[in-house]
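Colleague: Please show me how to read the aromatic pairs and the nonpolar core of a model.

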Amino acid sequence: MTNEKDAPVAPTSSLSVPPPAARRRSSWKVFVDSTWAFLLREMKNQFGRSRLGYVFAIAEPAAVVAILTALHTFVRGNHAAIYGENPVIFFVFGAVPYFIFMNNVNSAQNVCTSHKGLFNYRQVKPVDIMIARCIIDALMMAAVGFAFLAGWWWLGNDVSLDSWLGLVGALTALFALGFSLGLCFEVYGTIYPDLRRIFQIFMRPMFFISGLFFTIDMVPVAYRPLLVWNPVLHGVDFARDAVLTGYDSPGSVVYMLAITAIILFVGLAGYRRHLWQLI
């Protein structure tokens, strides 16, 4: 019988094994995860509580298209085409690009005040919520446009776009322009609240001067310089250029992208400068 004292003893080390180090996420990974979380959160808030949320999202552009088509039919007759296409197609792809821009401007605003409590979490920043809200609204409006096309095709009409790539490019440019302008409005409107009234006055005529019911080519040459300063008009015109086979837009891609880059730079510079005041 062996003695317990003679049993071999396992060697012990004076060095303790350190716990595995926690893997740190990169700044880009934190940004993507935060934006994705708010994307799901905003979708639930806007559409998850009531099924009517989807109806309301479609109702506004559908009402605009219906009213403009009815006015066009009343003035020019039931079979009057616009650039060789049915007026419905003309007005759908004036309303959808415009509302992508305008909804982004509105979605990027009132973020800092309505989500103040969430900024106690270090990972959460206002721009994450802005991007998530803008993406949701843009995807919804793009879905409205494609739903119109699908319904138009289902009714037995011909659906042949001149350039799918051009349409996606125009909608993407308007998305970036709307987000950039909304970012500027939110940053400087939060720091200087009196500016919000000026921003509201500035945006009121956009419905009438952004090409919902006309193209740049329809504007008389004498009055054209008064409207082409508006980059939204160029974006909407490019969307129609991509859809209407009989129309070539005289708009300027360089001008629209330059204005978007300038506005985005001003917004990001103010956001970086006043971030701690925003949260």
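**Aromatic pairs and core**

Modeller: A search of the whole structure, which is a predicted model, finds 7 aromatic pairs (rings of Phe, Tyr and Trp, the last by its six-membered ring, with centres within 6.5 Å). Local features need pLDDT of at least 70, side-chain atom pairs count only at pLDDT 80 or more, and totals for chains, interfaces and linings use all residues. Residues are numbered from 1 along each chain as its sequence is written, and side-chain values use heavy atoms, without hydrogens and water.

Colleague: How is a pair of aromatic rings described?

Modeller: The description gives the distance of the centres and the angle of the planes. Planes under 30 degrees apart count as stacked, over 60 as edge-to-face and the rest as tilted. Tyr98 and Phe99 are edge-to-face, at 5.4 Å centre to centre and 70 degrees between the planes. Both Tyr98 and Phe99 are buried (under 20% relative accessible area, with a 1.4 Å probe and protein chains only). Ring pairs also link Tyr98 and Phe99 with Phe207 and Phe208 into a cluster.

Colleague: Which residues touch the most other members of the largest nonpolar core?

Modeller: A nonpolar core is a set of buried Ala, Val, Leu, Ile, Met, Phe, Trp, Tyr and Cys residues joined through side-chain atoms within 4.5 Å. Here the largest has 52 residues, and those touching the most other members are Tyr98, Phe101, Leu167, Met203, Met206 and Val232. Its largest share, 14 residues, comes from helix 3, a DSSP run (H or I, at least four residues) numbered from the N terminus.

Conventions
Buried < 20%, exposed > 50% of the residue type's maximum accessible area, 1.4 Å probe, protein only. Helix = DSSP H or I, 4+ residues; strand = E, 2+ residues; numbered from the N terminus.
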